[in-house]
Structures are given as structure tokens and as C-alpha cells.
Amino acid sequence: MAPAEQDALALREQLFHERVRECIICTLLFASLYILCHFIITHFKQHTDFAAEHDDEDAAVNRIALGLCTFTLAVALGAVLLLPFSIISNEVLLSFPHNYYIQWLNGSLVHGLWNLVFLFSNLSLVFLMPFAYFFTESEGFAGSKKVGGGVPPCLTPVPGSPLTLLPQGIMARVYETSVVLLLLTLLVLGMVWVASAIVGNDVASRQSLYDLWEYYLPYLYSCISLFGVLLLLLCTPFGLSTMFAVTGKLLVKPRLLEDLDEQLSCTRLEEAAVSRRISSGKASCWLNLNVELLREQLFAIRSKRRKLELRQRASPWQRNLGYPLAMLGLLALTGISVLIVCFHVLELLLDDAAMPRGIQQDASLGQVSFSIFGSFGAALQVVLILYLMVSSVVGFYNSPLFTRLLPERQDTPLTKIIGNCVSLLVLSSALPVFSRTLGITRFDLLGDFGRFNWLGNFYIVFLYNMGFAVLTTLCLVKRVSWAVQAELIHAFGLHKLPLPVPRSRRLTKPC
């Protein structure tokens, strides 16, 4: 064999081994995420939905829907970790360029992960989750369960195929779900076609209307990503303010000009007095006895007493160091995010290169750091990305529109699980675009994430950055100012002052 042929064969063999290695790594990563998400869904799912002891058909339907929800949640978690993993990989390759043990970490693997996340996100949003919802709600066509176990004679499964392993009658649900999903797909494609025809009237746009794979699906996912980015914009500031409030409730606050022993003794005396009134059952001379109101008052007093006892038992380190550090950490992360976005707004006004449209598909990792502060800046970017994602999820579940979607431990029905998986996938798949649009990171959007049409619109990107900076600043100032005002009022004892009684209130006459 000639040397040239040997070199070509060695190159093809190397490419083959690299391809196999990338497939194995991607499979292991996704399998780990799938197992983790399975435990998460099992922790929240309602047992009655999946423990159908007397109905094998419903049990099989629920198992299939549970598997689809687990797959979607794994994709959502992969989308959250996609950008941090890419940033960390670039810094590792930049720090150890010739290390033998990290040769598997290369640009081809990262590009493949971005493409897989984009593909699975489209697949889950467009097909799997609608199929799971319609599949759980379907009952089969009228009369289909009485003839042939729900299978039409012309569509009887081939003997020995996997379809024959399904319980009898479940194929009727599969056919009904497929028909409903097909009609829904046609409806959505028609709406996209009409919207595309209205937006673009030129010849090129009309020709692209007939391309399903290259135009319809990217345009549809572009609309979904725009909705997800807008949802992140609305939920993140609200989530930041909610996290400040939750931190104040969970951690023990330091003592500022207050005597906990005196407050605890007064609370115990008040609790004893209310308990005696309930147990005696005697009516007051000035007020009719309301047992239910007294019980609610007793419950509130006991809750206050437990909080005071918890604060009294807390160590000085936990009381005087934990709460200030947590609040300072939240303030620092939020302030840094706002400063980065403000600086990015100035860059948008001065330089077109700051727009998130410059995508380099052939750029290799490990060449240059994506932060001017090196590895420290890259680590800060990862922390900020995860912090904004957590705050957006907290704001999403605490918003009035989506508070009913909040899952409950061992008491979440399957339809609510599907809604949670769809919502988390929309938020997480928009996280890379969200971070790049705000300038949190300079890592280019790889794969089809950079093909969104609205990324090249200066007005949308500029208004988005301004909206995030303004909303976050307002929520931060409002939450911090209210918290400081409440702490000062509570510390100086002003909350104990009697409130003014309006003149319109009538005084009750004595007995």
C-alpha cells in the first residue's frame, strides 16, 4: 500500500474513532441527565396517575407519557448547562492545550452538543409534548375498542413487531393522538405560512414558503425562542426580588436594637392568654367570642414564637454572618449583571460588533478567552448565567399567571407535569440567546441558535437590554429599600405604635 493511501486510511480511522468517542460521550451525558430527571419527576408525580393496578392500558399510557416528560426535562437541563459547559471547556483547553487526558474535549464535541440540544428542543416542543398531552387525554375513536382491540383491519400490526407488545386497545389512542397531532401541525404550519406571507412580500420570501425544513421549523422555533426570551425578561427581575424576600425568611436575621428575650416572653404570654380564652369559652364584655378567629390568632402567635425561638437558638456566626453574606452575595450578583448590561448597551450604541449575530461556525475552542479577566471572568459568567436562570425559574413560579403550575411533592398530576416540562424547556432553550443578547457572555451562539431572524434587529436587542436594566434596577431598589425600611421600623420599635383609628369607625357599646 502506498504511503499516501496509508495516510488517508489513518486519517479516516482517526475521524471514525473521534466520531465514535463523541457519540459515546453524548450518550453518557444524556443518560446521566435522563436518570437525574427521572428521579426529579418521580419525586413530584402523583402516585394515583401511574399506579393503575386494574387497567393495564392506562398504566402503559402513563408510562409512555412519563418517559416523554423525562426526555423533555433532560433536554431542558441540557440546554441550561450547554453554555456554561462550553465556556468552561474553552477555558480548560486554553489552560491545558497539550494535555493528553482532555483531548476528548474539543470544538467538534461542543458543536455536536449544541446541534443535539437544538434538535431535541424542536422535537420535544413541536411533537413529543403535544403527543404526550393528547395521548393522555385520548380514548380512541368511537367503536374502535370493540373491534380488533382498537386496531383497524387495514392497520393491524405485523406479528412480532414492538406494537404487538402494547396492551390491547392502546393502539386506538395512538391513532387518535396521531390524527389530532397531524391536524394541529397543519394548523400551526398554516398560521406560520400566513404570518410569513404577511411579513415578507418579496419573491425570495415566497419561494422560501415551500421549504419546510430550512424555513418553517427555524422560523417557528425563532418565534418560540423570542417568546422564551421575553418570558425570561419578565420573570428574571421578579424572581430577583422574590429571592431577596425568600432569603430574608429562610435565614436568621441579626439582632438590630432589639431584645429577643423580651419579645419571646411577651409572645408566650400572649399565646397563653389566647389559649385560656379558647379553653374557657367565656365571652368578653366588649366583644363577642369568635372561636375560629381566636384559633387563627393562636396559630399566628405560635408561628411567631417558633421563629423567635429559632432566632434565639441560632449561633452568633449564623445570625451575624450568614444573612449579611447571603444578602451581599445576591446584591453583588444582581449589581454586576446590571452593570454588564449597561456596558453592553453602550457597546451597542458605539460598535456593531456587539450585536449577537456574528456567528463563526468554524471557530475552534481553546484559542482565546471570552472574558477580558481570563478564567476568573469566565467563572463569573458561568455563575451569572446560572444565577439568572434560577431567578427566572423562581419568578416564573411566583408570578400570578403561572403560580398554579408549581409542582407539589408526590401530588402533581400528569398534565401539570407536562405543562412544567414545556415551560422549563421554553425558558432553558432561550437561556443561551438570553445571555448572549444581554452581553453576559461573549461566547458565540453555535449551531442553529444563531439563525434567529430577530437577533440582527438592533432595535429589538437595544430595547431588550434597556428593559432588563430598568426592570431589574426598579425591582432591586424597591425590594432593598422596603427591606431596609421594615428592618429600621422593627429595630426602633415603631411597629408597636398604635395605628390611628378613623372617625367613621363606631365604638362598640359595653354590655
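**Ala378**

I started with Ala378, which sits in helix 11, the run of residues 375–398. A reminder to myself: this is a predicted model, and I read everything below with that in mind. Is Ala378 buried or exposed? It is buried, with a relative accessible area of 4%. Next I looked up what Ala378 touches. Leaving aside neighbours within four places in sequence, I found Ile87, Glu91 and Ser371. I then checked Ile87 by its C-alpha atom: it is 6.6 Å from that of Ala378, though the two positions lie 291 residues apart along the chain.

**The nonpolar core**

I went looking for the largest nonpolar core and got one of 84 residues. Which residues have the most contacts inside it? They are Trp114, Phe434 and Phe449. Helix 3, residues 56–95, gives the most to this core, with 17 residues. I jotted down a general point here: in soluble globular proteins, nonpolar side chains tend to be buried together.

I picked Trp114 for a closer look. Not counting residues up to four places away in sequence, Trp114 touches Leu82, Leu83 and Ser86, then Pro432, and further on Phe443, Asp444, Leu445, Leu446 and Phe449. So Phe449 turns up twice in my notes, as a contact of Trp114 and as one of the residues with the most contacts in the core.

**Aromatic pairs**

I searched the whole structure for aromatic pairs and came back with 14. I opened up Phe30 and Phe120. Their ring centres are 5.9 Å apart and their planes meet at 50°, so I logged the pair as tilted. Which parts does this pair tie together? Phe30 lies in helix 1 (residues 3–44) and Phe120 in helix 4 (residues 107–137), so the pair links parts that are 90 residues apart in sequence.

I checked how open these two rings are. Phe30 is partly exposed, at 24% relative accessible area, and Phe120 also counts as partly exposed, at 24%. I also noted that Phe30 and Phe120 belong to one aromatic cluster together with Tyr34 and Phe71.

**Cysteines**

How many disulfides does the structure hold? I found zero. Why does Cys69 not make one? Its sulfur is 4.5 Å from the closest cysteine sulfur, in Cys421, and that is too far for a bond. Cys69 is buried, with a relative accessible area of 0%. I looked at Cys266 as well, and that one is partly exposed, at 42%.

**The second largest pocket**

I turned to the second largest pocket, which has about 600 Å³ of space. It is lined by 24 residues, and those nearest its centre are Ile40, Leu73, Val393, Tyr397 and Leu424. Which elements give two or more residues to the lining? I listed helix 1, helix 3, helix 11 and helix 12. Helix 11 supplies the largest share, seven residues, and that took me back to my opening entry, as Ala378 lies in helix 11 too.

**Ser423**

I ended in helix 12, residues 414–429, where Ser423 lies. Ser423 counts as buried, at 15% relative accessibility. Setting aside residues up to four places away in sequence, I have Ser423 touching Phe396 and Leu405.

Notes:
Residues are numbered from 1 along each chain as its sequence is written. This is a predicted model: local features need pLDDT of at least 70, side-chain atom pairs count only at pLDDT 80 or more; totals for chains, interfaces and linings use all residues. Side-chain values use heavy atoms; hydrogens and water are left out. Rings of Phe, Tyr and Trp (its six-membered ring) pair if their centres lie within 6.5 Å; planes under 30 degrees apart count as stacked, over 60 as edge-to-face and the rest as tilted. Helices (H or I, at least four residues) and strands (E, at least two) are DSSP runs, numbered from the N terminus. Buried means under 20% relative accessible area, exposed over 50%, partly exposed in between (1.4 Å probe, protein chains only). A nonpolar core is a set of buried Ala, Val, Leu, Ile, Met, Phe, Trp, Tyr and Cys residues joined through side-chain atoms within 4.5 Å. Contact means heavy atoms within 4.5 Å. A disulfide is a pair of cysteine sulfur atoms within 2.5 Å. On a 1 Å grid over the protein atoms alone, a cavity is a set of points where a 1.4 Å probe fits but cannot get out, and a pocket is an open set with protein on both sides within 12 Å along at least five of seven lines; lining residues have an atom within 4 Å of a point. Grid points are joined across faces, edges and corners, and a volume is the space filled by probe spheres set on the points.
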